Amino acid sequence: MITPKMILFDYGQTLVAEQKFDGVKGTEAVLQYAVRNKYHLSAEQVQARATEINREFGRFDPEKRHLFQIEIPNTMFTPYLYESLGIEIALSNSEIDIVFWDAAAPGVPTKGVQNFLRYLQEKNIRTGVISNISYAPSVVARRINRLLPDNAFEFIITSSNYIFRKPNKRLFELALEKADLKPDEVWYVGDQYECDIKGALGAGLMPVWYTGVMDLPYVEDKNILTIAGWEELKFRLGKL
């Protein structure tokens, strides 16, 4: 094991701990900006339609939820959802993303991550982000930069902007191209074993499994570097 030239991070439950997703709360917030609601639909009814559409794609199948490798960006999903229900929102698609996300799943930096990012800057270890997420890229960058204002991320890659979702190796290969680095020079830290760990392995990166705020079943894999906190990873790097 050698010191990486760059460490890439997952976003949700890795850099930022989000509260349990509540789509109804998000939709309630968005409907406050409705200038037309033809059928006088409630947030619960709108969210039921959103769930119905997602089920058609298999996105809510427990066995497929984290393995759906093609992203449906909100810039496509949201206009169809509201327009098909006779609802007009006086916001842009990006503004709808902000209002919905802030209400549905507010988040805070994971414990110690800001200190760890500063440590990487001091060690001249480059950083970036790869996230499976449907929100607009600018909205994701806005949240990350608001919650982690001192970050030095060279890029934030979102599946909403590049079609593919982890564990598809194409997102990792894109990151390597942007960084101009080889796979064995880069580590990837994430909380989802199927998407993050297997995805990084499949692309030749060194995976680090972060379990600090895990919201998925955990099965120990002794062949993978697993950490419960950022000080632990800092300690591991200091030993290299």
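Valine 139 has a relative accessibility of 3% and therefore counts as buried, the cut-off for that class being under 20% relative accessible area. The model in which this residue sits is a predicted one, and its protein chain comprises 10 helices and 10 strands. With a radius of gyration of 19 Å, close to the 18 Å that the globule rule gives for 240 residues, the protein chain is as compact as a globular protein of that length. The points below begin with the chain as a whole, then turn to the sheet, and end with two residues.

**The chain as a whole**

- Measured out along its principal axes in the model, the C-alpha trace of the protein chain spans about 65 × 35 × 30 Å.
- Buried residues make up 52% of the 240 in the protein chain, while the area that the protein chain exposes comes to about 12,200 Å², of which carbon and sulfur atoms supply 50%.
- Among the contacts in the protein chain with a separation of 6 or more, 71% are accounted for by residues 24 or more positions apart.

**The sheet and its helices**

- Six strands form an open sheet in the order β7-β6-β1-β8-β9-β10, and their pairing is parallel.
- At the edges of this sheet lie β7 (153–158) and β10 (225–227), each of which pairs on one side only, and from one strand to the next the twist averages 20 degrees.
- The edge strand β7 pairs in the parallel sense with β6 (residues 126–131) over 4 bridges, and within this pairing threonine 158 of β7 is the bridge partner of serine 131.
- Helix α6 (residues 137–147) packs on the sheet, where it touches both β6 and β7, and its direction makes about 135 degrees with that of β7.
- The path of the chain from β6 through α6 to β7 is a β-α-β crossover, and this crossover is right-handed.
- Elsewhere on the sheet, helix α9 (residues 193–203) lies across β8 (186–190) and β9 (206–210), and it runs at about 160 degrees to β9.

**Valine 139**

- Valine 139 has its place in helix α6, the helix that touches β6 and β7.
- Once its neighbours within four places in sequence are left aside, the residues in contact with valine 139 are Ser94, Asp97, Ile98 and Trp101.
- Glycine 23 lies 116 residues from valine 139 along the chain, and the C-alpha atoms of the two are separated by 17 Å.

**Tyrosine 135**

- Tyrosine 135 is found in the loop between β6 and α6, and with a relative accessible area of 8% this tyrosine is buried, since buried means under 20%.
- Not counting residues up to four places away in sequence, tyrosine 135 touches Phe21, Asn74, Asp97, Phe100, Trp101, Val140 and Ser160.
- Asp97 and Trp101 appear among the contacts of tyrosine 135 and also among those of valine 139.
- Tyrosine 135 and tyrosine 210 stand 75 residues apart in sequence, and their C-alpha atoms are 23 Å apart in space.

Key
Residues numbered from 1 in each chain as written. Predicted model: local features only at pLDDT ≥ 70, side-chain atom pairs only at ≥ 80, totals over all residues. Heavy atoms only, no water. Pairing = 2+ DSSP bridges. Helix = DSSP H or I, 4+ residues; strand = E, 2+ residues; numbered from the N terminus. Axes fitted to C-alpha atoms, helices over the stretch in contact; angles between N-to-C directions. Contact = heavy atoms within 4.5 Å. Rg over C-alpha atoms; globule rule 2.2 N^0.38 Å. Buried < 20%, exposed > 50% of the residue type's maximum accessible area, 1.4 Å probe, protein only. Areas by Shrake-Rupley, 256 points an atom, 1.4 Å probe, with all protein chains shown as cover. Right-handed = clockwise from strand over helix to strand, strands pointing away.
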